[in-house]
Amino acid sequence: MLDVCLPGTGGMMPLPERHLATMTCRCGGYTILVDCGEGTQVALRRQKISAFDIGLILITHMHADHVSGLPGLLLMIAATERSEPVTIIGPPPIAAYVKCLKVIVPYLPYELNVMELPPATVPLDCDPIFQIGDMTVAPFLLQHRIPCFGYTIVVQRYPEFDAAAAERLNIPVRYWNLLQQGQDVIGPQGEAWRSEDVLGPPRPGIKVVYCTDTRPFDGIVQRAHKADLFICEGMYGDLAERERLYEKSHMLMQDAAVIAAAAEAKLLWLTHFSPANPDPAQYLTELQQIFPATVVSKDGERVELKFP
Ligand SMILES: [Zn+2]
Ligand SMILES: [Zn+2]
């Protein structure tokens, strides 16, 4: 099961009634946070999301509305007395930025690692680059004014374990768990047991795709293909804003709905609304005509996704 929450859904600046866009994915005691604008720690508190479990912070890009809450968040995690490492992944200059933060956040009770993504070379079909618990993370390049990445988060589902086959092969039960996780095992008498001999066919996991900030392009359709949840920016719903938005490398809510439909996603959550779009829900009927499973997210939007 994967618990997904949007503690904030705003773009550009935090508002009294709308925090900046951020997402949490929680599974099996592990939490991934995506983007950390000003006030993210307040947004997390409001949703009662513990900072203790945040082991991975994904940054889409280095605009202030996506990173300026990082020092406060690192201190918030420190206040929980977490001692397990925390990793931050993002495009350049994330490493230089985190180094600067150490001036105001010099002591942390946990190890802080930074993985800087190559600025413009991650292909659309790249393999996952990081795993935390059962969740894997794969970045993909978006089209924004500066290097910007979307992220695909997948909860893996192990194939079904064939207990009858394991019994036929006389494999002791204590090795079944390892074999189910895809590991081959050498038994006490040197027996070589292969996981493929006791596992069924692969089973689809849970797929969440997070995509902001970007102008619309076909590559997003590929990445969001059959996603259980596609989370995408939609700055405005007023069609007259289209040209101006594309110039600024953003998209309309309607563009996101068109992408969700083409990608055959199961659910679309819109986020990163402009402060000049105070009532994005007014476009809901129009958006659902393009893609029926569209949600104009509010802060605190939440779902528990389960394996099919
Ligand atoms: Zn932004
Ligand atoms: Zn931006």
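**A walk around helix H9 and the seven-stranded sheet**

Hi everyone, let's start with helix H9: its buried residues are Met253, Gln254, Asp255, Ala256, Ala257, Ile259, Ala260 and Ala263. Before I go on, please keep in mind that we are looking at a predicted model.

So how many residues of H9 are buried, out of its 11? The count is eight, and the helix, which spans residues 253–263, is mostly covered. What covers those buried residues? The cover includes three helices, H7 (218–223), H8 (242–247) and H10 (284–290). It also includes three strands: E13 (229–233), E14 (268–271) and E15 (294–296). If you follow the chain just past the end of H9, you reach Glu264, which has a positive phi of about 55°.

Now let's move to the sheet. In what order do its seven strands come? Reading across, you go E6-E5-E4-E3-E2-E1-E16, and this is an open sheet with mixed pairing. At its edges are E6 (112–116) and E16 (301–305), each of which has a pairing partner on one side only. From one strand to the next, the twist averages 15°.

Let's look at strand E4, residues 54–58. Is E4 enclosed or open? Five of its five residues are buried, so the rest of the structure largely encloses this strand. On one side, E4 pairs with E3 (residues 30–34) in the parallel sense, over four bridges. If you want to find that pairing on your screen, look for Thr31, whose bridge partner in E4 is Ile54. E4 also runs parallel to E5 (residues 86–90), and three bridges join the two strands. Here you can look for Leu58, which stands opposite Ile89 of E5.

And how does the chain connect E3 and E4? Together with helix H1 (residues 40–46), the two strands make a β-α-β unit, and the unit is right-handed. One background point for anyone new to sheets: in a regular strand, side chains alternate between the two faces of the sheet.

Over at the E16 edge, the pairing is of another kind. Strand E1 (residues 2–8) and E16 run antiparallel, joined by five bridges. Cys5 is a good residue to click on here: its bridge partner in E16 is Arg302.

Next, the helices on the sheet. Helix H3, residues 70–79, lies across E3, E4, E5 and E6, and it runs at about 170° to E4. Helix H4, residues 94–101, packs on the sheet too, where it touches E5 and E6, and its direction makes about 155° with that of E6.

Now a word on cysteines. How many disulfides does the structure hold? The count is zero. Let's take two cysteines and see why they are not bonded. For Cys25, the closest cysteine sulfur is in Cys27, 9.1 Å away, which is too far for a bond. For Cys232, the closest one is in Cys211, at 4.3 Å, and that is also too far, because a disulfide needs the two sulfur atoms within 2.5 Å. Are these two residues buried or exposed? Cys25 has 0% relative accessibility, so it counts as buried. Cys232 is at 0% as well, so it is buried too.

Last, let's zoom out. The domain assignment gives domain 1 as 2–157 + 204–305, and domain 2 as 163–197. How far apart are the C-alpha centres of these two domains? They lie 40 Å apart. Thanks for listening, and I'm happy to take questions!

Conventions: Residues are numbered from 1 along each chain as its sequence is written. Chains are lettered from A and ligands numbered from 1 in the order in which they are written. This is a predicted model: local features need pLDDT of at least 70, side-chain atom pairs count only at pLDDT 80 or more; totals for chains, interfaces and linings use all residues. Side-chain values use heavy atoms; hydrogens and water are left out. Buried means under 20% relative accessible area, exposed over 50%, partly exposed in between (1.4 Å probe, protein chains only). Contact means heavy atoms within 4.5 Å. Two strands pair if DSSP finds at least two bridges between them. A crossover is right-handed if, with the strands pointing away from the viewer, the path from the first strand over the helix to the second runs clockwise. Domain bounds come from an automatic or database domain assignment. Axes are lines fitted to C-alpha atoms, for helices over the stretch in contact, and angles run from 0 to 180 degrees between N-to-C directions.
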